[in-house]
Amino acid sequence: MNQEKSIFSKIIDREIPATIEYEDEKCIVIHDINPKARVHLLVIPKKEIATLFDLTPDDKDLMAHMMLLLPQLANAQGLDGFKTQINTGVSGGQEVFHIHIHLLGN
Ligand code: 5GP
């Protein structure tokens, strides 16, 4: 079956543009197209995982990697504090079904 790529996979594959703040072999960090704070970053794994419900123990290092990036990103943006959010499922307000961590700071 041919499954449609998520919008974030299209950004990772440079099929659609985004403002990229950081990238490594495991993840990409972009600026949210509709920022809810002065700094609004999205930390996105390159592996397409739909929601937190779909994580497996194999994803432990990947998730830890993304968590450890958050303070580094905040420091680089000059933030002395920030909020994080992971929307999960339709009833959790998730719109893009490719896991991402919102990092928000003013
Ligand atoms: P969530 O799925 O957690 O509700 O939120 C998805 C987030 O992705 C939203 O804050 C939305 O503004 C952002 N977003 C959706 N499409 C794009 C896009 O094409 N580019 C960028 N940079 N952000 C996007």
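Two residues are taken to be in contact if their C-beta atoms, placed from the backbone, lie within 7 Å. The exercises below use this term for a predicted model.

**Exercise 1. Describe the surroundings of Gly105, beginning with its element and ending with its contacts.**

Solution. The first step is to place the residue: Gly105 lies in strand β5, where it stands opposite Val39. The second step is to judge its burial, for which the cut-offs are 20 or more other C-beta atoms within 10 Å for a buried residue and 12 or fewer for an exposed one. Because Gly105 has 18 other C-beta atoms within 10 Å, it is classed as partly exposed. The third step is to list its contacts: once neighbours within four places in sequence are left aside, Gly105 touches Ala37, Arg38, Val39, Ala74, Gln77, Leu79, Gly81 and Phe82. A last step concerns Asn75, which is 30 residues away from Gly105 along the chain, while the C-alpha atoms of the two are separated by 11 Å.

**Exercise 2. Work out the order of the strands in the sheet, and state which strands form its edges.**

Solution. Begin with β3 (residues 39-45), which pairs with β5 (residues 101-105) in the antiparallel sense over five bridges; in this pairing Leu41 stands opposite Leu103. Strand β3 also pairs with β2 (residues 27-31), again antiparallel and over five bridges, and here Ile30 has Leu42 as its bridge partner. Next, β5 is joined by three bridges to β4 (residues 83-85), the two running antiparallel, with Lys83 opposite Leu104. The complete arrangement is an open sheet of five strands in the order β1-β2-β3-β5-β4, with antiparallel pairing. Its edge strands are β1 (20-23) and β4, each of which pairs on one side only, and the twist from one strand to the next averages 20°. As for burial, five of the seven residues of β3 are buried, so this strand is largely enclosed by the rest of the structure.

**Exercise 3. Test whether the end-to-end distance of helix α2 agrees with its number of residues, and then describe its bend.**

Solution. Helix α2 covers residues 60-76, which is 17 residues. At 1.5 Å a residue, the helix should therefore span 24 Å, and since its end C-alpha atoms are 25 Å apart, the two values agree. The axis is nevertheless not straight throughout, for α2 bends by about 25° at Leu70, and a proline, Pro71, follows within four residues. Just after the helix, Gly78 adopts a positive phi of about 75°.

**Exercise 4. Summarise the fold as a whole, and compare its radius of gyration with that of a compact globule.**

Solution. First count the elements: the protein has two helices and five strands, which follow one another from the N terminus as α-β-β-β-α-β-β. Next consider the dimensions, where the C-alpha atoms fill a box of roughly 45 × 30 × 30 Å along the principal axes. For 106 residues a compact globule would have a radius of gyration near 13 Å, and because the protein has 13 Å, the value agrees with that expectation. Then turn to burial, which applies to 18% of the 106 residues. Finally, among contacts between residues at least 6 apart in sequence, 55% join residues at least 24 apart.

Technical notes
Residues numbered from 1 in each chain as written. Predicted model: local features only at pLDDT ≥ 70, side-chain atom pairs only at ≥ 80, totals over all residues. Expected span 1.5 Å × (residues − 1). Bend = angle between axes of the 7 residues up to and from the residue. Pairing = 2+ DSSP bridges. Rg over C-alpha atoms; globule rule 2.2 N^0.38 Å. Axes fitted to C-alpha atoms, helices over the stretch in contact; angles between N-to-C directions.
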